[in-house]
Amino acid sequence: MAERKSNIIIEESEAIRQKNIIKALREEFDKAYEKTGKKKLFFIQTYGCQMNARDSEKLKGILEEIGYVETDQEEKADFIIYNTCTVRENANQKVYGRVGHLKSLKKKKNNLMIALCGCMMQEDTVIDTIKKSYNHVDIIFGTHNIYKLAELIKAKLETKDMIIDIWEAHKEIVEDLPSIRKHKFKASVNIMYGCNNFCSYCIVPYVRGRERSRAPEDILSEIKALVADGVVEIMLLGQNVNSYGQTLDQSFTFANLLEALEDIEGLERIRFMTSHPKDLSDDLIKVMGQSKKICNQLHLPLQSGSTKILNEMNRKYTKEDYLELVKKIKAARPDIALTTDIIVGFPGETKEDFEETLEVVKAVEYINAYTFIYSKRTGTPAAKIKEQLPESVVKERFNQLIDTLQPFVERHSQEKVGKTYKVLIEEVNQQEKELVSGRLSSNHLVHLKGDKSLIGKIIDVKITSAMTFYLRGEQV
Ligand code: 5AD
Ligand code: SF4
């Protein structure tokens, strides 16, 4: 415990240091505003997963505290930041394309500041490329030090040089800095950072570092404060939430954490992602079975249905283990809406291997799936496997996978028609202003007649029809 105490001291002193820098910048920004009458604008583009989305909330929090105001018009911004993803190569290409385009904007706008951060920046080759070909970028930082944004902006204001601050590994978990929530009534909470699984295709463990769990008391107090502030739904985030607690110096599991959350009055819905099948315990299934708050949804990445490929992916479960797990979960929660991730075209995947994936898809009957074409990531073990598949074969399999999934997706939606569900209303529909949109416990999206007074409320909705990507309903 002594060690943990010393950790807290580091975290607190670092947070205070950052807050002081934010304050100093704020004073400068306020003075400039008095002179010009114009607030400085920032534009943020977030790529990738929910972790990045959460990181962007923290970045926005810092920027707004400094005195920036968000804009969705990139060309009007004084500060542009891209929070990048590198899980697949095409994500990198998109970022390079957009950063290239910013060069002309930078020429027109002298004081424009451009920052890049996130997973892609943790790769040495990316930094080399940016230094060589995109020297109009002002600030580069990675995944371990996003809380330092204000300090990096201050440093850039004092020099003409590009500021590069990338940490190889994580130092301390800095809590208690400002952050902006997109919705008043729902929030994401990191419960752990990093990943220790080293699936052979995946770059995440290299760019997000080793797994570390936040202390349960920190998570609980953050969630209690959110609930006191009007939050009714929380999403617990981690690369592998099922191994939560393994790095703590006390015995406390993910199942224990969920039990503790069940008792928080005012908290109505709990979601979490991502669950690695190898770590999904019987205890967790039991807690899910008994809980009144855990949503009827579980994201359980399959990746492949072939035990041979799973082994080469270093996933540590077999096709049979996965199917058995699904059986247990469905026994505990018969209405569970299962979603998954599937990779097509992993090196060496044969027709038979792929057919096993289709078999699992048909057996599990997913309500939805994220399907990916395998992308070779330099530095991962799979990138060294010689037998990469021809693009035409992969594309054909990819289409076949979508065709196999689609009838189940549609059937699950159709089955909802005529039934009544609890729906958390999230927003007024962008296209049709007399409609509001919300989510079922299963995470299905539904549109219904209503106005903004319903936002943040959980109401009963009867489903009247099902379209490909959403449902329609009416309040009952
Ligand atoms: N190629 C394709 N998909 C990948 N994923 C991770 N790495 C790769 C890769 N190299 C997918 C996995 C993971 C999801 C977040 O991204 O399916 O679960
Ligand atoms: Fe990547 Fe596997 Fe870790 Fe998920 S569990 S982040 S796929 S290494």
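**View 1. The surroundings of ligand 2 in a predicted model.** Eleven names need not be learned at once; begin with the cysteines. Cys 195, Cys 199 and Cys 202 are among the residues around ligand 2. Asn 197, Phe 198, Tyr 201, Val 204 and Pro 205 also belong to this group. Gln 239, His 276 and Arg 315 complete the list. By class, the shell holds 7 nonpolar, 3 polar and 1 charged residues. The model shown here is predicted.

**View 2. The division of the chain into domains.** Domain 1 spans 2–165, and domain 2 spans 181–295. Domain 3 follows at 296–415, then domain 4 at 420–475. Between the C-alpha centres of domain 1 and domain 4 lie 35 Å.

**View 3. The stretch annotated as TRAM.** An unreviewed UniProt entry carries the annotation "domain: TRAM" for residues 414–476. Over residues 414–476, strand makes up 54% of the chain and helix 2%. The C-alpha atoms at the two ends of this stretch are 19 Å apart.

**View 4. A barrel of 5 strands.** The strands close in the order β15-β16-β17-β19-β18, with mixed pairing. From one strand to the next, the twist averages 50°. Strands of a sheet pair through backbone hydrogen bonds, either parallel or antiparallel.

**View 5. The pairing of β15 with β16.** Strand β15 covers residues 420–428, and strand β16 covers residues 435–440. The two run antiparallel and are joined by 5 bridges. Which residue of β16 stands opposite Leu 424? It is Arg 439.

Key: Residues numbered from 1 in each chain as written. Chains lettered and ligands numbered in written order. Predicted model: local features only at pLDDT ≥ 70, side-chain atom pairs only at ≥ 80, totals over all residues. Heavy atoms only, no water. Pairing = 2+ DSSP bridges. Helix = DSSP H or I, 4+ residues; strand = E, 2+ residues; numbered from the N terminus. Axes fitted to C-alpha atoms, helices over the stretch in contact; angles between N-to-C directions. UniProt positions renumbered as here; feature names shortened; annotations may be inferred. Domains from an automatic or database assignment. Near = heavy atom within 4 Å. Nonpolar A, V, L, I, M, F, W, Y, C, P; charged D, E, K, R; others polar.
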